[in-house]
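Please read the following account alongside the sequence and the coordinates. It moves through individual loop residues, then helix packing, and then a set of buried positions.

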Amino acid sequence: MMQWEATYKITTPMFLAGAEQDKPPELRLPSFKGLLRFWFRAVALPKLGKWEEVQKLEKEIFGSTERQSSFLLGLDLAKPERMEDIDFRRKYGLIYLGHGLVDFRGELQRPYYKGSSVFTLRLLFKKKNISKDVEFFLPLTLKALGLFGGAGARSRRGFGSLSLLTLSLDGQRVWNAITNISELVIKQKELLNALELKTEDGKDLPEYTAFSGRTRIWIGKTGNKAIDLLNDIGLELLRYRSFGKEKNGKHVLPSGEEAEQNFAADHDLIMQFCKTGEIEKHPARVVFGLPHNYFFSQSKDIVQIQPYGETGRRASPLFIHIHDLGKNGYAAVFTLFPAQFLPQKTEMVISVKQKNERKARYKKWLNYDENYINFHIIEKFMERPAFSQKVVVWP
């Protein structure tokens, strides 16, 4: 029987829990099996080409309602390492990235995982004869999780980042911890080369979040402390996206900086909707994910933009990952996954209501058009001076 063991380090606070979110956080096998499914789909699509083929192999590996999983999944915690409590107050970048996990004052809304910073996933396959596809895609899945991903709430915004430390097959180590930027770039490119990505194949968007010729990967900056690095990134995203709050005749950010107002057109578009109930297009910033909300402090109007459907969500195509480099600190990895933003014929719902009111004053349904989704808005974020020393990994 074949056994893979992957050891990961948690580099940033992980908000991972069961059904009761206010209970102490825990590392749960179902959560990690779901993560492995996600990253399997991401690495499998470029070579298999079609979702139907990915789905067929996914069922063989991970199981379905009709068949069991082909492996047994185990999780071992290493000896707990002491992790300091984090004071989120006045860390406006963390507050911005952790919306829903911390309030605007920096008060925690949910507990985060800090009991141990290292754990090992064990995948023991039940049969001796494993298909070549499984042998090929499984290690890529484990590597992708530990190079680009994380676990728990707001993991796409850098919380719960996981760094792959070691990877072993039947007791033989095939991966060692990354210790510098050069090694990180090499490992990332090795994975991309295995997927045989080609920029000329990037004309059509993938059906879902997956690697493709349109994928963009940067190592934005480095830092000595993971939490400070994540806070700096959050501040940059806040500066880039926010219109600011009016104070003494200026629009300022929570830190007191004057707002850049790069998306003033979005602000004006939504303000006009609050007044008239008429709107013909969605704001440009929806490309960062849905729901997309506004609050106007003077009028107390709350505006929500979301896709009409069961979840009302579209997760961000931008993944922020803080990677551990041992004694050399941490690196911030940014991965943009352009993909079909919403299913065709989906409608976006835009509603406005007064604070504390239940019923919307205006509600508008807009026909979704993929042509209005501009991923270059996210690419432009990476052109900011704060990332002037960035390393372009792909393309």
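Q261 counts as partly exposed because its relative accessibility is 26%, a value between the 20% and 50% limits. In this predicted model, Q261 lies in the loop between strand 8 (250–252) and helix 7. The backbone of Q261 has a phi near 55 degrees, which is a positive value in a residue other than glycine.

A positive phi is also found at R90, with a value of about 65 degrees, although R90 is not a glycine. R90 belongs to the loop that runs between strand 2 (71–77) and helix 3 (92–97). With a relative accessibility of 66%, R90 counts as exposed, since the limit for that class is over 50%.

Two peptide bonds that precede proline also deserve attention. The bond from L290 to P291 is cis, with omega near 5 degrees, and P291 is located in the loop between helix 7 and strand 9 (292–296). A cis peptide bond likewise joins W394 and P395, where omega is about 5 degrees. P395 is situated in the segment after strand 15.

On the other side of strand 15 in the sequence is K390, which is found in the loop between helix 8 (376–381) and strand 15 (391–394). K390 counts as partly exposed because its relative accessibility is 27%. Leaving aside residues up to four places away in sequence, K390 touches W218, I219, G220, M382 and E383. With M382 there is a polar component: the side chain of K390 reaches the backbone oxygen of M382 at 3.2 Å. The C-alpha atom of K390 is also separated by 6.0 Å from that of K221, although the two residues are 169 residues apart along the chain.

The account now turns to helix packing. Helix 1 (residues 29–48) and helix 2 (residues 51–62) have axes that come within 9 Å and cross at roughly 140 degrees. Helix 1 and helix 2 are therefore oblique to each other, because an angle over 145 degrees would be needed to count as roughly antiparallel. Their crossing is right-handed. On the side of helix 1, the residues that meet helix 2 are K33, L36, R37, F40, R41, A44, L45 and L48; their counterparts in helix 2 are W51, E53, V54, L57, E58, I61 and F62. The residues of this contact divide into 10 nonpolar and 5 charged, with no polar ones.

Helix 1 also packs against helix 4 (residues 132–148), and here the axes come within 8 Å and cross at roughly 115 degrees. This crossing, too, is right-handed. Helix 1 contributes L35, L36, W39, F40, V43, A44, K47 and L48, while helix 4 contributes F136, F137, L140, T141, L142, A144, L145 and F148. The residues of this contact comprise 14 nonpolar, 1 polar and 1 charged. Among the helix 1 residues, L36, F40, A44 and L48 take part in the contact with helix 2 and also in the contact with helix 4.

Which residues surround C274, leaving aside its neighbours within four places in sequence? C274 lies in helix 7 (residues 264–276), and its contacts are F296, D301, V303, V352, R361 and Y362. With a relative accessible area of 7%, C274 is buried, because the limit for that class is under 20%. C274 is 263 residues from T11 in sequence, and their C-alpha atoms are 42 Å apart in space.

One of the contacts of C274 is D301, which has its place in strand 10 (residues 301–307). D301 is buried because its relative accessible area is 5%. Residues up to four places away in sequence aside, D301 touches C274, Y294, F295, F296, V352, K353, Q354 and R361. Of these, F296, V352 and R361 are also in contact with C274. A polar contact of 3.2 Å joins the side chain of D301 to that of S299.

A further buried position is T166, whose relative accessibility of 16% places it in that class. T166 lies in strand 4 (residues 162–169). Beyond residues up to four places away in sequence, T166 touches E5, A6 and T7, together with R173 and W175.

Definitions and conventions:
Residues are numbered from 1 along each chain as its sequence is written. This is a predicted model: local features need pLDDT of at least 70, side-chain atom pairs count only at pLDDT 80 or more; totals for chains, interfaces and linings use all residues. Side-chain values use heavy atoms; hydrogens and water are left out. Helices (H or I, at least four residues) and strands (E, at least two) are DSSP runs, numbered from the N terminus. Buried means under 20% relative accessible area, exposed over 50%, partly exposed in between (1.4 Å probe, protein chains only). Contact means heavy atoms within 4.5 Å. A polar contact is a pair of N or O atoms within 3.5 Å; within protein, one must be able to donate a hydrogen and the other to accept it, and residues adjacent in sequence count only if both atoms are side-chain atoms. Axes are lines fitted to C-alpha atoms, for helices over the stretch in contact, and angles run from 0 to 180 degrees between N-to-C directions. Angles under 35 degrees count as roughly parallel, over 145 as roughly antiparallel, 65 to 115 as roughly perpendicular and the rest as oblique. A crossing is left-handed if the near helix is turned anticlockwise from the far one by less than a right angle, and right-handed if clockwise. Ala, Val, Leu, Ile, Met, Phe, Trp, Tyr, Cys and Pro count as nonpolar, Asp, Glu, Lys and Arg as charged, and the others, Gly among them, as polar.
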